[in-house]
Amino acid sequence: MTRSTPARSAAAPALSALLLLLALTASAGCSTATEPAPRPSAVRNTAAAPSASASGTPTDAAWVQLMTPMNEKAVVLLTLAADRATEPRVRAFATRLRGDQEAELGRLRPLLARMGLPRTDVHAGHAMPGMVTGSDLAAAKAAEGAAFDRLFLTRIRDHLRHSAEVSRSEITAGARADAKRLAAALVTAREAALTELEALPGATRALD
């Protein structure tokens with residue numbers, strides 16, 4: 001059991017609702033902060049009776065269209081950390097995790113193609129939990145030394161935690177076997193990475 005488990009449990013309902021909300025609004029592009037959340041009954045009905053098709057359910061589409069840009073943005077931050085982190089163990093962690101996230105993209109992008117979905121980031125311009133933002137990257141580029149390490153550890157922890165929760169929602173509410181298998185693999189990888197991250201030098205102070 002890692003220290004992040006309580007936070008993951010607390011975030012699970014909100015992130016499950018997020019994925020289901022994205023599924024409900026997939027045909028319109030992306031949800032925004034001004035759009036109302038679906039009523040609980042609507043969420044229950046959507047999760048209980050997915051309508052599978054050759055391209056999967058809206059939940060499958062929402063998941064892969066969120067996970068792909070999440071990984072792409074994380075890779076940019078991981079590339080910075082692999083070069084600029086002060087602690088050698090943090091640099092090594094960033095290098096390994098970048099390779100893992102790029103390998104996941106090698107499975108996510110073909111899944112997008114099989115589902116007939118565009119490679120464009122349909123969530124661009126929206127604040128998505130766990131997404132590394134342009135502001136995050138700008139702050140990382142401006143930070144140095146221990147400040148950079150703290151920023152990196154915080155942002156990549158959020159990425160790992162939230163992407164794991166969204167992937168758990170895909171496992172529960174999705175319908176495509178290939179998407180659910182990939183989601184399960186991502187959850188396993190995220191849990192291992194979070195455990196490793198929390199043991200890195202400076203992690204205790206950065207993540208408190």
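The exercises below work through a predicted model of one protein, each with a solution in steps.

**Exercise 1. Overall make-up**

Find how many helices and strands the protein has, and what share of its residues is buried.

Solution.
- Step 1. The secondary structure comes to 8 helices and 0 strands.
- Step 2. Read from the N terminus, the order of elements is α-α-α-α-α-α-α-α.
- Step 3. The protein has 208 residues, and buried residues make up 46% of them.
- Step 4. Take the contacts between residues at least 6 apart in sequence: 80% of these join residues at least 24 apart.

**Exercise 2. Helices α6 and α7**

Decide whether α6 is roughly parallel or antiparallel to α7.

Solution.
- Step 1. Helix α6 covers residues 145–173 and helix α7 covers residues 177–198.
- Step 2. Their axes come within 8 Å and cross at roughly 150°.
- Step 3. Angles over 145 degrees count as roughly antiparallel, so α6 is roughly antiparallel to α7.
- Step 4. The contact of α6 with α7 has 13 nonpolar, 4 polar and 7 charged residues.
- Step 5. As for handedness, α6 passes α7 in a left-handed crossing.

**Exercise 3. Helices α5 and α6**

Work out how α5 is placed against α6, and which residues meet there.

Solution.
- Step 1. Helix α5 spans residues 134–142 and packs on α6 at an angle of about 155°, with the axes 9 Å apart.
- Step 2. The cut-off for roughly antiparallel is over 145 degrees, and therefore α5 is roughly antiparallel to α6.
- Step 3. The crossing of α5 and α6 is left-handed.
- Step 4. From α5 come D136, A139 and A140, which meet F148, L151 and R155 of α6.
- Step 5. Sorted by class, the residues of this contact of α5 with α6 are 4 nonpolar, no polar and 2 charged.

**Exercise 4. The nonpolar cores**

Name the residues of the largest nonpolar core that touch the most other members, and the elements that give two or more residues to this core.

Solution.
- Step 1. The largest nonpolar core has 27 residues, of which F93, F148, F152, I156 and L197 touch the most other members.
- Step 2. Two or more residues of this core come from each of α3, α4 (88–114), α5, α6, α7 and α8 (203–207).
- Step 3. Take L197 as one example: leaving aside neighbours within four places in sequence, L197 is in contact with F93, L153, I156, R157, L160, A203 and L207.
- Step 4. There is also a second, separate core of 19 residues, which includes W63, L105, L108 and M131.
- Step 5. As background, nonpolar side chains tend to be buried together in soluble globular proteins.

**Exercise 5. Three residues of helix α3**

Sort Q65, L77 and T79 into buried or partly exposed.

Solution.
- Step 1. Helix α3 covers residues 58–84 and holds T79. Q65 lies in α3, and L77 is found there too.
- Step 2. Buried means under 20% relative accessible area. Q65, at 11%, is therefore buried, and so is L77, at 0%.
- Step 3. T79 has a relative accessible area of 35%, so T79 is partly exposed.
- Step 4. With residues up to four places away in sequence not counted, Q65 touches L112, L117, P118, V122 and H123.
- Step 5. On the same terms, L77 touches V132, L137, A140, F152, R155 and I156.
- Step 6. The C-alpha atoms of L77 and T133 are separated by 9.6 Å, though these residues are 56 apart along the chain. For T79 and L97, 18 residues apart along the chain, the C-alpha separation is 9.6 Å.

**Exercise 6. H159 and G174**

Locate H159 and G174, and list what each contacts beyond its neighbours within four places in sequence.

Solution.
- Step 1. H159 lies in helix α6, whereas G174 is in the loop between α6 and α7.
- Step 2. The cut-off for buried is under 20%: H159 has 0% relative accessibility and so counts as buried, and G174, with 10%, is therefore buried as well.
- Step 3. H159 is in contact with M70, N71, A74, Q101, G130 and R190.
- Step 4. The contacts of G174 are T57, T59, D60, S169 and K180.
- Step 5. G174 and W63 are 111 residues apart along the chain, and their C-alpha atoms are separated by 8.5 Å.

How values were computed:
Residues are numbered from 1 along each chain as its sequence is written. This is a predicted model: local features need pLDDT of at least 70, side-chain atom pairs count only at pLDDT 80 or more; totals for chains, interfaces and linings use all residues. Side-chain values use heavy atoms; hydrogens and water are left out. Helices (H or I, at least four residues) and strands (E, at least two) are DSSP runs, numbered from the N terminus. Buried means under 20% relative accessible area, exposed over 50%, partly exposed in between (1.4 Å probe, protein chains only). Axes are lines fitted to C-alpha atoms, for helices over the stretch in contact, and angles run from 0 to 180 degrees between N-to-C directions. Angles under 35 degrees count as roughly parallel, over 145 as roughly antiparallel, 65 to 115 as roughly perpendicular and the rest as oblique. A crossing is left-handed if the near helix is turned anticlockwise from the far one by less than a right angle, and right-handed if clockwise. Ala, Val, Leu, Ile, Met, Phe, Trp, Tyr, Cys and Pro count as nonpolar, Asp, Glu, Lys and Arg as charged, and the others, Gly among them, as polar. Contact means heavy atoms within 4.5 Å. A nonpolar core is a set of buried Ala, Val, Leu, Ile, Met, Phe, Trp, Tyr and Cys residues joined through side-chain atoms within 4.5 Å.
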